[in-house]
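Work through the exercises below with the sequence and the model at hand. Try each task before reading its solution.

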Amino acid sequence: MKNNQGSTITTFQLPSSDPEAGLILDSDGQLLGLNQAAKDLCAETGTDNPIRLLPVNFSALINACFTQGRAIEGVESRQHSATLSWTFIPDQNSRQVLARGRDVTDNIRKLDEATRSSRLYRLITENTTDLISRHAPDGRFIDATPASWRLLGYWPEELRGKPLEEVFRSNAFSAEVEEARNRLRDEGYATMTIEITHRDGSRRWFEIASRAIRETYTGAVIEVVSVSRDITARVKSEENNRRLAEELAHTARLATLGELASSIAHEMNQPLASIVNFASASQRYLKLAQENPECLERVDDGLQRITHHANRASEVIKRLRAFLRKGQQRTAPVNINDAVTNVKRLCQWDADKHNVVIQENLTPLNPVLTADPVLLEQVLINLIRNGIDANTEARQDNSAPSHIKIETCVTPIQETLIKVTDHGAGLDEEGMRHMFTPFYTSKPQGLGLGLSMSRSIIEGYGGFLDAQPAEGGGLTLICRFPPPLCTDSESGNLRETDQDE
């Protein structure tokens with residue numbers, strides 16, 4: 001509309017303090033006026049014509065405003081890196097339009113990021129192989145990812161509202177869950193590994209990690225988020241590996257027994273020969289008993305000695321049967337000094353055959369270790385026989401005896417050590433670096449499994465097997481067991497370990 005002088009009169013008022021850009025346009029899209037915010041926006045975007053701030057189809061939008069008799073809002077236009085959202089407000093009387101624009105660049109960016117995050121979250125949750133689930137404080141399912149069907153046999157819709165005990169069916173589940181709830185309450189995080197029954201009846205192993213969601217002000221647990229993983233394949237693999245290790249250890253014991261056959265025969269021959277001698281003597285004294293009653297005392301003494309040597313032979317057989325035992329490992333308190341003495345006795349004949357003297361230096365503290373006595377003796381036999389071989393290979397004059405020293409001690413920090421020192425040629429740097437590697441050996445007939453297996457056994461009891469050059473040449477192999485260990489007196493004088501017959 002124009003006044004009497006012919007100038008344009010605008011119906012809309014554009015306050016200079018308005019933070020949003022405002023343009024006044026006529027029905028043909030001609031610019032009639034703009035506010036300071038629009039001028040500032042032109043400067044920021046480097047636009048010399050305010051009309052260029054509008055959407056490219058602004059003329060059609062103005063026409064639609066008058067035709068439909070309503071405001072049109074939420075129309076975007078892009079100016080370089082900025083995004084503007086425009087609202088077109090018509091005035092039918094003056095045939096003018098107020099175009100109001102605001103910068104929505106940050107809003108659009110945040111919306112795009114939220115959309116991408118939502119898409120990524122949905123992609124992860126719908127395709128992850130682990131079960132992600134939400135639970136009420138009492139354990140009931142609130143929600144779960146689609147992996148629940150594969151892992152548990154339930155769809156997420158079926159799980160909602162179900163208690164944990166109904167889904168994770170397990171004999172030990174109640175106790176495990178109670179402990180996990182206590183840890184969630186106290187620490188906010190808990191893990192457990194448990195065997196459950198799948199909906200189809202199969203048995204599966206699960207590893208479950210849970211985190212508590214707390215109320216901001218009271219700190220009370222209001223929700224629990226859990227990630228459950230099926231580790232059945234891993235558990236079965238570990239079980240197979242354990243069985244394979246037991247088979248390998250048993251095979252190694254059979255091989256060791258064959259190599260110690262002469263020593264075993266010698267140890268059995270001694271008591272058997274004594275039994276024969278005392279039995280023959282007792283028969284002679286019985287024949288003379290009628291003429292000389294004092295001979296009965298000698299018969300009684302002979303029978304006692306026969307019993308003693310028969311028991312000794314029985315102990316040898318018992319030790320051999322225990323050493324060859326095949327099956328699950330069994331731990332018991334083992335007096336380390338006694339184990340060293342028993343192993344020395346088994347290896348003595350082999351040492352005598354190679355003119356090697358085994359010297360003992362045992363600590364008076366009598367340390368006791370909780371371990372499988374058979375496996376511990378197997379380790380000590382390996383170490384002593386390695387020493388015998390090293391001495392034999394290095395010695396040029398077989399007439400002079402060589403020595404192997406085996407000692408036990410307790411360090412100031414309560415570590416228990418078993419040291420086996422030989423007088424062989426020792427090893428170079430490469431040999432020291434690879435001596436515990438499986439199948440590495442410097443012996444022509446060796447398999448290279450003895451030391452690697454021995455280290456694995458010692459590590460299984462929390463210890464470590466290492467080697468270092470010995471003073472004056474040779475090698476010292478050290479079995480190191482950490483505290484806590486009890487002494488012979490503290491363990492109730494446990495000097496013998498039970499073995500299966």
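The exercises that follow concern a predicted model.

**Exercise 1. Confidence**

Task: Find what the average pLDDT of the protein is, and which stretches call for caution.

Solution.
- Step 1. The protein has an average pLDDT of 80, and 81% of the residues score at least 70.
- Step 2. Residues 1-7 have a pLDDT below 50, and this stretch makes 9 contacts beyond near neighbours in sequence.
- Step 3. Residues 485-501 also stay under 50. For them the model has 38 contacts beyond four places in sequence.
- Step 4. Where pLDDT is low, the predicted coordinates should not be read in detail.

**Exercise 2. An open sheet**

Task: Work out the order of the strands in the open sheet that contains E6 and E10, and state which strands lie at its edges.

Solution.
- Step 1. The sheet has 5 strands, in the order E7-E6-E10-E9-E8, with antiparallel pairing.
- Step 2. Strand E7 (141-144) and strand E8 (189-197) are the edge strands, as each of them pairs on one side only.
- Step 3. On average, neighbouring strands of this sheet are turned by 25 degrees against each other, direction ignored.
- Step 4. Inside the sheet, E6 (residues 131-135) is joined to E10 (residues 221-230) by 5 antiparallel bridges. In this pairing Ser133 is opposite Ser226 of E10.
- Step 5. Helix H7 (residues 173-187) lies across E8, E9 (203-214) and E10. The helix runs at about 165 degrees to E8.

**Exercise 3. The buried side of a helix**

Task: Which residues of helix H1 are buried, and what covers them?

Solution.
- Step 1. H1 spans residues 36-45, and its buried residues are Ala37, Ala38, Leu41, Cys42 and Thr45.
- Step 2. These residues are on the same side of H1, because the arc they cover around the axis is only 145 degrees.
- Step 3. Their cover includes strands E1 (21-26), E2 (31-34), E3 (72-79) and E4 (82-91).
- Step 4. Just after the helix comes Gly46, with a positive phi of about 70 degrees.

**Exercise 4. Two aspartates**

Task: Decide whether Asp18 is buried or exposed, do likewise for Asp130, and find a polar partner for each side chain.

Solution.
- Step 1. Asp18 is in the segment before E1. Its relative accessibility is 14%, so Asp18 counts as buried, the cut-off being under 20%.
- Step 2. The side chains of Asp18 and Arg100 make a polar contact of 2.6 Å. Beyond four places in sequence, Asp18 touches Asn35, Ala37 and Arg100.
- Step 3. Asp130 is in the loop between helix H3 (105-127) and E6. With a relative accessible area of 13%, Asp130 is buried.
- Step 4. The side chain of Asp130 has a polar contact of 2.7 Å with that of Arg229. Among the other residues that Asp130 touches are Thr145, Leu151 and Val227.
- Step 5. Asp130 and Val227 are 97 residues apart in sequence, yet their C-alpha atoms are 6.6 Å apart.

**Exercise 5. An enclosed strand**

Task: Why is strand E15 described as largely enclosed, and which strands pair with E15?

Solution.
- Step 1. E15 covers residues 416-421; 5 of its 6 residues are buried, so the rest of the structure largely encloses this strand.
- Step 2. E14 (residues 402-410) pairs with E15 through 6 antiparallel bridges, and Glu407 has Lys419 as its bridge partner in E15.
- Step 3. The hairpin of E14 and E15 has 5 residues between the strands, and Gln414 takes a positive phi near 70 degrees there.
- Step 4. E15 also pairs with E17 (residues 475-481), antiparallel and over 6 bridges. Here Ile418 is opposite Cys479 of E17.

Note on methods: Residues numbered from 1 in each chain as written. Heavy atoms only, no water. Pairing = 2+ DSSP bridges. Helix = DSSP H or I, 4+ residues; strand = E, 2+ residues; numbered from the N terminus. Axes fitted to C-alpha atoms, helices over the stretch in contact; angles between N-to-C directions. Contact = heavy atoms within 4.5 Å. pLDDT = per-residue confidence, 0-100. Buried < 20%, exposed > 50% of the residue type's maximum accessible area, 1.4 Å probe, protein only. Arc of directions from axis to C-beta. Polar contact = N/O pair within 3.5 Å; in protein donor to acceptor, adjacent residues only side chain to side chain.
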